[in-house]
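Morning, everyone. Let me walk you through one model, chain by chain, and then through some ring contacts.

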Amino acid sequence: MSSKGSDLTKRKESVLTPRIEQETLLQELKDKIQRSAFDMRKFLEDEQTILVLIKTTEMISELRTSALSPKNYFELYSFLLNELRNVESYLDEQVKTGLSAQELYKVVQFTGQVIPRLYLLITAGSVLINTEEVPIKDILQDLNKMCRGIQHPTRGIFLRYYLTQMVKDKLPDITTQNSEMHGTVEDSINFIISNFIEMNKLWIRMQHQTPFGNLSEIGKKYVHTMLGKERTELGMLVGTNLSRLAQLEGVTVEIYSQNVLPLILHQIIDCNDKIAQEYLFVVMIQAFPDEFHLETLETLLKSLEELNPNVDIKEILQELMQRLVIYFKTNRAAENQEHKIFTTFSDSISRISQKKVLKQTDLLIILRCLLQIGFSLNLNRIDYVDYVFQSAFRLLNNEIIKQDDSNVVTQMIQEVIQSYNNVIVLIEIESFPHLTNLLPLAEQRKIANNLIENVLKSQTIIEEIEKLQRFFNLIQILLNHPINQNDLQFDSDFQKEQSALCKVIHFFYSDDIEKYFLIFQLLIKELNGTGKVRMKNYIFPLIFSGLKLAQKMRENERNKSEFSISFNQLFDSISTILENLINFFPEVAFKLFLQTAQAANKCRLEKVAYEMMLKAITIYGDVFSLRETQFKMLFSIISTLFTLNYIGNEYFSFLAVQCAIHSKKLVQPIHQAKAICCCSRFFYLQDSLIPTNSLENSQNQKRSIQFHDDKKLVGCLSKAIRIASSSIEFPVSLESLFEILDVCLIFFETQKTNINIEYINTLIELIIQVKEKNQSQPQVLFPQNSLVFINQMIRKFIKKKKGEKKEIYLEINFQKLKKTFN
Amino acid sequence: MVFVLIIGDFHIPHRTYDVPTRFKKLLVPGKIEIILSTGNLTNKETREYLTTLASDIHVVKGDFDDDNLNLPENDVVVIDGIKFGLVHGHDVIPWGDHDSLGVVQRKLGVDILIHGHTHEFSAFESEGKIFINPGSVTGAYSGFTEDVVPSFVLMDIQKEKIITYVYKLKNGELEVNKLFFSRPKTKESDENFD
């Protein structure tokens, strides 16, 4: 095994051996070095310089091998490096105690083999620099020139790497003394750049080596790929030159931009190697300060555009832009600089995208970086955001965005929404809706919902019509995306989404009537055509928006503020919307017509109120009269009519009669009785009998016109009594009769109607008759709560005998009632 | 001490967007044992909001409530020996009329009747029975009442008396009033009956 190993070390052909053999070989070489090192150290202690040098030569010889992969060679080199450092220290001391460094430098050049010769030369050179007997500049130039002797890529790179490591701390800089011997920082710059260029060339050549033996195409390809990674990692060695360069204090931003950068870029661009360009460009960005990059931004970006088309520019740009974003967080750019920086980037990106070298996704990622730049420069510049969105939009070519891209675009949009967190600002971004329109449906909905949430949270009122239109443009998707079965479920996301949309509508109004009217019209325009399912939700906030506007107009009228919108315009719009709703949602239209009637009444528009009531009654007649819920609907009409205190007697009595007519047609007698009894109260409306005893509101509820139709009043009550006594079953009939009696007493108290003592007493007799007729039924069947109710009513009546108007009750026969039911 | 929250006529999202922030801060879970709501929430979200405040919740159906909520027309709840009646009030004709409310109270056979719909707070006693309208907690638009003030009621039922706290939001300022009622007599004496 060992013989085979030694065969390999002596062979100069560049053939890579299989991995296990590599590891074995590596170990062998290390052992060899170790053995020599052991001896070397002994000589070192004995200060036998010649022998030290000879042993060192032996050790370095192992680096002549071609058999190791880059990674393994690196390990061997590192192993040797420790020993070489010891040798250097030793020689340094020797020189301090008399050894001539210059002579040493000359002597080592007589070493037989070139690799050991050059390593020793570098070591000697390092020692010579310390003496300052010779200008450092000359030494560096000489070493540089000598290293050109090794053109083998792996060996050459490591040799030069050794060079950089040895002279690292000895390079002249502005912080060190500036003597003739010492040299200037320019010398350092020149040296490093030259070294960098040479190392780069070697590195690139390394990647194109194919030192295989007899392998098939596939075999070669596989090995090539595996080794490729190792070779790429060696780029780190090349990159250290740039790091060292950046560490030089003497490299100011001026020197960097005028001397250093052009040379580096020249080499990077010239070498035209994808891997080298990618790697080194990033190292350069990372090594040099961000201020330098800002200063040379245009140059940097232009050279990016000149790189090999295979280079992943995106990675490089991202690196640069992300660094600058962080930089701007703590270092504000000067105002005049700000814009220039942004446009430099945007122009470059524009040129890059035109070349069509990058994939769409990559360009989007870069645009996102540009967005970050814009934010970090100046959050107030909405136009930066708009530019980015516009660019993205143009890039996407009006096509729906595919999955990978949509993530990037969505992230961009989310970042914008979060950064501004203010809908008023967001709607100013012109191209915002154009861009969101290209996203997949689910994403669009998310964003739109996000915006609505923003309005709700911040409680932002939008009263300018242009802004509101823009807002609607942004959330259009919620108004028209397709609806599926799941969405119709009670608790679905769709329902929540629609609920939020309804809520947000309440933020669209203005105290200025003209503006508010425009808003209302815009709402109609946007919401009205959205289809049945949606309108079922929207109709409420929409109509109430209109009714609130009417309320405001009335308020303004009272305050003598003028406005140019007419009530009729408004109520016509509302009425039209509701008309169109009747066929789809009659019940909703019905309720809202009643609401509109009330609103019209408050505005003192008796004709409009009347017409709205008629519409409601028509719907009732057409749709509800055959349904179970009809009585509820009729009660709604009746109770609403009571509140219309500003419509004239003609209109009022017509509507009241309509109510009475419909009351008689109710299906269940118990409802008939109740409804007609209620209707009776229509026919006597005076100030003192306003149907609300609410003290705070009574001013507003005061009826402006008095109304009394005794004939109809009595007619209703009598009809109610007839129905209650003959068509309703016992004992419910009794309850109805007591309720009717209660109402009769209200009229009796006024002493202004034909509900007089006789009428009341007759009714009481009737009640007693009804009870006695059914008395044959055992007491136990009379439900307790009924009995309680009736007795409580009797109590109430009897109390009137002790009340304010006790005189009129003198002849009313409540006692008889009490006896009957006790 | 039993704390009863009396609240209603939210009209979310039909007429407004949310309970006022000022109120929301006051309405925290923990103290409230029972909620009596007059209805017109109008949707499930609002119903769920109530569940975050207490676990014993009674809601009745208002004229705009979602059918899917399956709310009853009225409710009777006994709290600490007192019978409460709960109706929305849109079918008490005429709206807010004391006599008509009295009939409802007798029909349900309750000592305290909670009603709403008018969007205006009111509290009165009539023949030993108490009538409370908490108003609209959101101050929602009403075709009936002008200048609606957001309000709700918190009732503290004690051994001898009932303390009623009325919370109102007038021009953005919180206003709290205290009303005292004695516990309604459940059995009526026959003294006045002659």
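**Two chains, then the rings**

Start with chain B: it exposes about 7500 Å², and carbon and sulfur atoms supply 46% of that area. Keep in mind throughout that this is a predicted model.

What is chain B built from? It has three helices and 11 strands. Follow the sequence and the order reads β-α-β-α-β-β-β-α-β-β-β-β-β-β. The radius of gyration is 16 Å, close to the 16 Å that the globule rule gives for 194 residues, so chain B is as compact as a globular protein of that length. Along the principal axes, its C-alpha trace spans about 55 × 35 × 30 Å. Of its 194 residues, 63% count as buried. Now the contacts in chain B with a separation of 6 or more: 55% of them come from residues 24 or more positions apart.

One side-chain detail in this chain. R15(B) places its charged end over the ring of F64(B), 4.9 Å from the ring centre.

On to chain A. Here we have 40 helices and two strands. How does its radius of gyration sit against the globule rule? The value is 49 Å, and the rule gives 28 Å for 822 residues; 49 Å is well over that, so chain A is more spread out than a compact globule. The box tells you about the dimensions: roughly 150 × 65 × 55 Å for the C-alpha atoms, taken along the principal axes.

Buried residues make up 55% of the 822 in chain A. The exposed area is about 37000 Å², with 50% of it supplied by carbon and sulfur atoms. Take the contacts in chain A between residues at least 6 apart in sequence: 74% of them join residues at least 24 apart.

Now confidence. Chain A averages a pLDDT of 89, and 94% of its residues score at least 70. Two stretches to flag. Over residues 1–6 of chain A, pLDDT stays under 50, and the model has six contacts for them beyond four places in sequence. Over residues 688–698 of chain A, pLDDT again stays under 50; for these the model has 22 contacts beyond four places in sequence.

Next, two single positions in chain A. S348(A) is in helix α17, residues 335–355. Is S348(A) buried or exposed? Its relative accessibility is 1%, and the cut-off for buried is under 20%, so S348(A) counts as buried. Leaving out residues up to four places away in sequence, S348(A) touches L301(A) and E305(A).

The second position is E443(A), in helix α23, residues 441–458. E443(A) has a relative accessible area of 13%, so by the under 20% cut-off it is buried too. V409(A) is 34 residues from E443(A) in sequence, and their C-alpha atoms are 9.7 Å apart in space.

Now the rings. How many aromatic pairs are there over all chains? The count comes to 40. Take F472(A) and F508(A): their centres are 5.8 Å apart with 65 degrees between the planes, an edge-to-face pair. This pair links distant parts of the chain, with the two residues 36 apart. F472(A) is in helix α24, residues 465–474, while F508(A) is in the loop between α26 (493–505) and α27 (513–528). Both F472(A) and F508(A) are buried.

Compare a second pair, Y509(A) and Y516(A). Their ring centres are 6.3 Å apart and the planes stand at 50 degrees, so this pair is tilted. Why tilted? Because stacked needs planes under 30 degrees apart and edge-to-face needs over 60, and 50 degrees meets neither. Burial of the two tyrosines is worth a look. Y509(A) is partly exposed, at 26% relative accessible area. Y516(A) is buried, at 3%.

Then a cluster. Ring pairs link F738(A), F748(A), F797(A), Y809(A), F814(A) and F821(A).

Last item, a charge over a ring in chain A. The charged end of K30(A) sits over the ring of F79(A), 5.5 Å from its centre.

To recap the chains: chain B is as compact as a globular protein of its length, and chain A is more spread out than a compact globule. That's the tour.

Key: Residues are numbered from 1 along each chain as its sequence is written. Chains are lettered from A and ligands numbered from 1 in the order in which they are written. This is a predicted model: local features need pLDDT of at least 70, side-chain atom pairs count only at pLDDT 80 or more; totals for chains, interfaces and linings use all residues. Side-chain values use heavy atoms; hydrogens and water are left out. Rings of Phe, Tyr and Trp (its six-membered ring) pair if their centres lie within 6.5 Å; planes under 30 degrees apart count as stacked, over 60 as edge-to-face and the rest as tilted. Helices (H or I, at least four residues) and strands (E, at least two) are DSSP runs, numbered from the N terminus. Buried means under 20% relative accessible area, exposed over 50%, partly exposed in between (1.4 Å probe, protein chains only). A charge sits over a ring if NZ of Lys or CZ of Arg is within 6 Å of the ring centre and within 35 degrees of the ring normal. pLDDT is the predictor's confidence in each residue, from 0 to 100. Contact means heavy atoms within 4.5 Å. The radius of gyration is taken over C-alpha atoms; the globule rule is 2.2 Å times the number of residues to the power 0.38. Accessible areas come from the Shrake-Rupley method with a 1.4 Å probe; for residues, only the protein chains shown count as cover.
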